[in-house]
Amino acid sequence: MNTSAKKKVSVATVWLDGCSGCHMSLLDIDERLLELAASIEIVYGPFVDTKVFPEQVDLTLVEGSVSSEDDLAKIKKVREHTRVLVAMGDCAVTGNVPSLRNPFGTDKILRHIYLPNAPTEIVPRLLPSVLPVHQVVPVDIYLPGCPPSADVLYTALVELLAGRTPDMKDVTRFGK
Ligand code: SF4
């Protein structure tokens, strides 16, 4: 991803079935966000007010697993309009916490939570199983951790902005 051109790299962040902890970790990059801001423009996600995913995004970080029909439609659209897709955090990478419902089946879970009747509208219809992102669309980069630390996210972003594939094998969720 070449940042030598004047145009900033467009970056989106997407929140599927996750706790927002991965987005909080992004914010924990703290003052280094100012450094990144010189090279990137956040064009979509919880940090900005854009309601529609842009036509073409250079880099999208996805938090959370694919748990509902809404998640499914969203990640397919995001993939279609994204050059480099990053699975950010264990929920996106493996299914993690949301996938704990998988052994019980959707009906049982809904009945348990919404006794006596599960909602039939407003609440997005759940998929039969929670899926990690790569089981739905191709993923380019995986950043595991629950959440990945701010150092991991920062290092990965710096590498991607420099046009390199981040080699995260020496970086743990606890930092560099
Ligand atoms: Fe939350 Fe962890 Fe999932 Fe990130 S990976 S959304 S911190 S549960």
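**The ligand shell and two residues beyond it**

In this predicted model, helices α1 (21-27) and α4 (90-94) each contribute at least two residues to the shell around the ligand. The residues that surround the ligand are Gly18, Cys19, Gly21, Cys22, Glu63, Gly89, Asp90, Cys91, Asn96, Gly145, Cys146 and Pro147. By character, the shell divides into five nonpolar, five polar and two charged residues.

The cysteines of the shell, among them Cys19, Cys22, Cys91 and Cys146, invite a look at disulfides, but a search of the whole structure finds zero of them. Two of these cysteines can also be described by their accessibility: Cys91 counts as buried because its relative accessibility is 13%, under the 20% limit, whereas Cys146, with a relative accessible area of 47%, is partly exposed.

Asp71 belongs to helix α3, which covers residues 69-80. Although Asp71 is buried, it has no salt bridge, and the nearest side chain of opposite charge, that of Lys74, is 6.3 Å away; a salt bridge would require a separation within 4 Å. Leaving aside residues up to four places away in sequence, Asp71 touches Leu16, Asp17, Ser65 and Val66.

Val66 also appears among the contacts of Ser129, which touches Val66, Arg101 and Asn102 when residues up to four places away in sequence are not counted. Ser129 is found in strand β6, residues 126-131, and counts as partly exposed because its relative accessibility is 33%. Between the C-alpha atoms of Ser129 and Lys108, which stand 21 residues apart along the chain, the separation is 12 Å.

Note on methods:
Residues are numbered from 1 along each chain as its sequence is written. This is a predicted model: local features need pLDDT of at least 70, side-chain atom pairs count only at pLDDT 80 or more; totals for chains, interfaces and linings use all residues. Side-chain values use heavy atoms; hydrogens and water are left out. A residue is near a molecule or strand if one of its heavy atoms lies within 4 Å of it. Helices (H or I, at least four residues) and strands (E, at least two) are DSSP runs, numbered from the N terminus. Ala, Val, Leu, Ile, Met, Phe, Trp, Tyr, Cys and Pro count as nonpolar, Asp, Glu, Lys and Arg as charged, and the others, Gly among them, as polar. Buried means under 20% relative accessible area, exposed over 50%, partly exposed in between (1.4 Å probe, protein chains only). Lys and Arg count as positive and Asp and Glu as negative; His and the chain ends are not counted. Contact means heavy atoms within 4.5 Å. A disulfide is a pair of cysteine sulfur atoms within 2.5 Å.
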